[in-house]
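Biologist: Could you walk me through this model before I go back to the bench?

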There are 2 protein chains.
Amino acid sequence: MTRAVPEPVTRLIEAFSRLPGIGPKTASRLTYFLLRSPDELALRLSEALRVLKEQTRFCSICGNITVDDPCPVCTDPRRDQSLIAVVEEPLDLLALERTGSYNGLYHVLNGAISPVNGIGPDDLRIKELVQRVGDGKILEVIIATNPGQEGDATAMYIQRELTNKGTKITRLARGLPVGGDLEYVDSVTLMRALQGRGEL
Amino acid sequence: MTRAVPEPVTRLIEAFSRLPGIGPKTASRLTYFLLRSPDELALRLSEALRVLKEQTRFCSICGNITVDDPCPVCTDPRRDQSLIAVVEEPLDLLALERTGSYNGLYHVLNGAISPVNGIGPDDLRIKELVQRVGDGKILEVIIATNPGQEGDATAMYIQRELTNKGTKITRLARGLPVGGDLEYVDSVTLMRALQGRGEL
């Protein structure tokens, strides 16, 4: 059969397919979209990818992605230096930032304890957290791991590691999502909402 | 608020968001995935994007994407030079190639007639098709535009342009998709399948 697809095209399709959630069909669509688009679009993406790894690193204090180390959050004097929110991933940090109602520091774990995926406590930045809290300047640690089995296991592990450090340990509230409909909420969430009900 | 996302990260998120079907959330996920992955993954994608436009062009005969002009399909002596399949996009050409049961030439229109999107016959490679057929060597033109309003309009327009050229004009059959279930097939498809029923 004639080779109807030139090599540069298959190579890009293959590279796109390596990304999560992008199968061969989506990869083809993206590639042919770029072929029809002005050069600038593909080149801008190419450049952004090249620069990404070159200019970013992990903050040596909180573990977030940053250009400067320590990161702007860790060095911002306007932020509450006695409060740490522990998150699994940088994207979770972003979600908290977007609320506009958190003004403390962060600690990115880089995942959650997951025996299925072979991720134990030593694979996460838990030791670094214990060290940060050990300084005695942290008054509260808010565990903001995901609500789910792995996040729960991670939260419990961290809680155990941090007891007797003189720091208050809290966790994000569970309950009904705002705008959700009781009828469609799963029963575990509803059970948690019942258990955590507050007086009006 | 502190700038929690470094500029190289937002720039890549922004570049990904320009791709079709990729919203800001998916773009963030892809970016943070690449941040956690080995450098090689981002660099390979970056390189593939850079090379894509540099090394590819459109075949001056059929309009398919190619490195060499004319493309390997147009210059393949083993292919039937008297048969042209007219498709909207290079991806449609690929779909036909994948069947392994088409051995003629192609003509890529680069779209379909769509008044809503302001695409008229002159925006497509129809003139080039008429010219190719005018040579007298083409015995059959298979119109393989998409089954739908725009593809139908395009097919009708092309058919009109090609009458009296002494070339047979055919169109891909409509009917039930193989493996489909009568119960779930839309009624227009079912109607077409009825109209086009064949004797056993």
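Biologist: Where is B:L182 placed?
Modeller: B:L182 lies in the loop between β6 (168–171) and α7 (187–195) of chain B, where helices (H or I, at least four residues) and strands (E, at least two) are DSSP runs numbered from the N terminus. This is a predicted model, in which local features need pLDDT of at least 70, side-chain atom pairs count only at pLDDT 80 or more, and totals for chains, interfaces and linings use all residues. Residues are numbered from 1 along each chain as its sequence is written, chains are lettered from A and ligands numbered from 1 in the order in which they are written, and side-chain values use heavy atoms, with hydrogens and water left out.

Biologist: Is B:L182 buried or exposed?
Modeller: B:L182 counts as exposed because its relative accessibility is 53%; buried means under 20% relative accessible area, exposed over 50%, and partly exposed in between (1.4 Å probe, protein chains only).

Biologist: Switching to cysteines, how many disulfides does the structure hold?
Modeller: There are zero over all chains, a disulfide being a pair of cysteine sulfur atoms within 2.5 Å. A:C62 is in no disulfide, and the nearest cysteine sulfur, that of A:C71, is 3.6 Å away. A:C62 counts as buried, at 2% relative accessibility.

Biologist: And why does B:C74 not bond to B:C62?
Modeller: The sulfur of B:C62 is the closest cysteine sulfur to that of B:C74, but at 3.7 Å it is too far for a bond. With 12% relative accessibility, B:C74 counts as buried.
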